[in-house]
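Me: I would like a close look at one part of this chain. Please take it step by step, in plain terms.

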Amino acid sequence: MKDKKFRRGSASKNDVQDMAFRILRLRADLLYAVQSESYSVAANIRDQISKIESESVAASVRAQAYEGAQYAFRLGQRVKHKVFEYHGVICGMDPVCCESTSWMENAKVEMLSRGPDQPFYQVLVDLSADTNLLVTYVPEENLDAVSEPERNVFYHPYISLLFYGMDAAGDFIPIKELREKYKRPRHELPNDEEDEKPREDA
């Protein structure tokens with residue numbers, strides 16, 4: 001599946017917390033509106049609260065799914081697309097497909113053996129082989145790990161922004177901010193002296 005969008009799309013605990021704060025503020029506004037006998041305003045606020053509460057439940061479910069998701073690939077891992085055969089690096093992940101319904105229809109996601117309810121990955125595409133793509137959003141079933149990636153053979157303008165560099169296996173080491181965004185642990189290689197050197201910002 002080829003697409004230049006680079007988005008995460010999934011909810012986090014922060015989304016749920018933000019909604020909770022919005023509801024608290026609206027409840028205070030509702031109380032004030034009732035006390036002021038501004039009943040039309042109060043009715044409008046009640047509608048807003050109901051809508052946000054529904055969104056909050058959905059966001060909470062998505063957040064729990066995100067935290068408990070099992071991924072076959074990790075941040076910085078080199079992969080190859082099974083269909084289009086381009087090489088790339090994992091730079092983001094969702095527990096399920098988080099694109100719009102129209103995007104999923106165009107990409108024929110329902111025709112996948114695992115459908116939309118499988119991890120989807122943001123993949124930086126190696127521009128040294130394919131200059132028509134930048135970032136793709138790919139279902140887990142369409143990716144293979146690259147067992148022996150060629151070191152120093154990968155070009156993408158975002159690499160230096162999202163990764164410290166390569167590890168001894170030829171995969172990339174994600175920066176701290178990227179790991180924290182997706183709540184992923186640092187991947188350590190055994191006997192990787194280069195990667196074992198302490199980093200102040202890692």
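In what order do the strands of the open sheet stand, and is their pairing parallel or antiparallel? Please also describe what surrounds strand β3 (residues 120-125).

Reply: The model is a predicted one. The sheet is open and made of five strands, in the order β4-β3-β2-β1-β5, with antiparallel pairing. At its edges are β4 and β5 (143-145), each of which pairs on one side only. From one strand to the next, the twist averages 45°. Strands of a sheet pair through backbone hydrogen bonds, in either a parallel or an antiparallel way.

For context, here is the chain around that sheet. The chain contains six helices and seven strands. Along the sequence they come in the pattern α-α-β-β-α-β-β-β-α-β-β-α-α. The order within the sheet, β4-β3-β2-β1-β5, can be set beside this pattern.

Now to β3 itself. In the sheet, β3 stands between β4 and β2. On the β2 side, the partner covers residues 87-94, and six bridges join the two strands, which run antiparallel. One place to find this pairing in the structure is I90, which stands opposite V123 of β3. On the other side is β4 (residues 135-139), joined to β3 by five bridges, again in the antiparallel sense. Two of the residue pairs there can be traced by name. Y121 has V138 of β4 as its bridge partner, while L124 is partnered by V135 of β4. Going from Y121 to L124 moves up the numbering of β3, whereas the partners go from V138 down to V135. This fits the antiparallel pairing of β3 and β4.

Next comes the question of cover. Strand β3 is mostly covered, with six of its six residues buried. Here buried means under 20% relative accessible area. The cover is found on both faces of the strand: F120, Q122 and L124 lie on one side, Y121, V123 and V125 lie on the other, and all are buried. V123, the residue opposite I90, is therefore under the 20% limit that defines buried.

For the chain as a whole, 44% of the 202 residues count as buried. Its accessible surface is about 11,800 Å², and carbon and sulfur atoms hold 49% of that. Among contacts with a separation of 6 or more, 61% come from residues 24 or more positions apart.

Notes:
Residues are numbered from 1 along each chain as its sequence is written. This is a predicted model: local features need pLDDT of at least 70, side-chain atom pairs count only at pLDDT 80 or more; totals for chains, interfaces and linings use all residues. Side-chain values use heavy atoms; hydrogens and water are left out. Helices (H or I, at least four residues) and strands (E, at least two) are DSSP runs, numbered from the N terminus. Buried means under 20% relative accessible area, exposed over 50%, partly exposed in between (1.4 Å probe, protein chains only). Contact means heavy atoms within 4.5 Å. Accessible areas come from the Shrake-Rupley method with a 1.4 Å probe; for residues, only the protein chains shown count as cover. Two strands pair if DSSP finds at least two bridges between them. Axes are lines fitted to C-alpha atoms, for helices over the stretch in contact, and angles run from 0 to 180 degrees between N-to-C directions.
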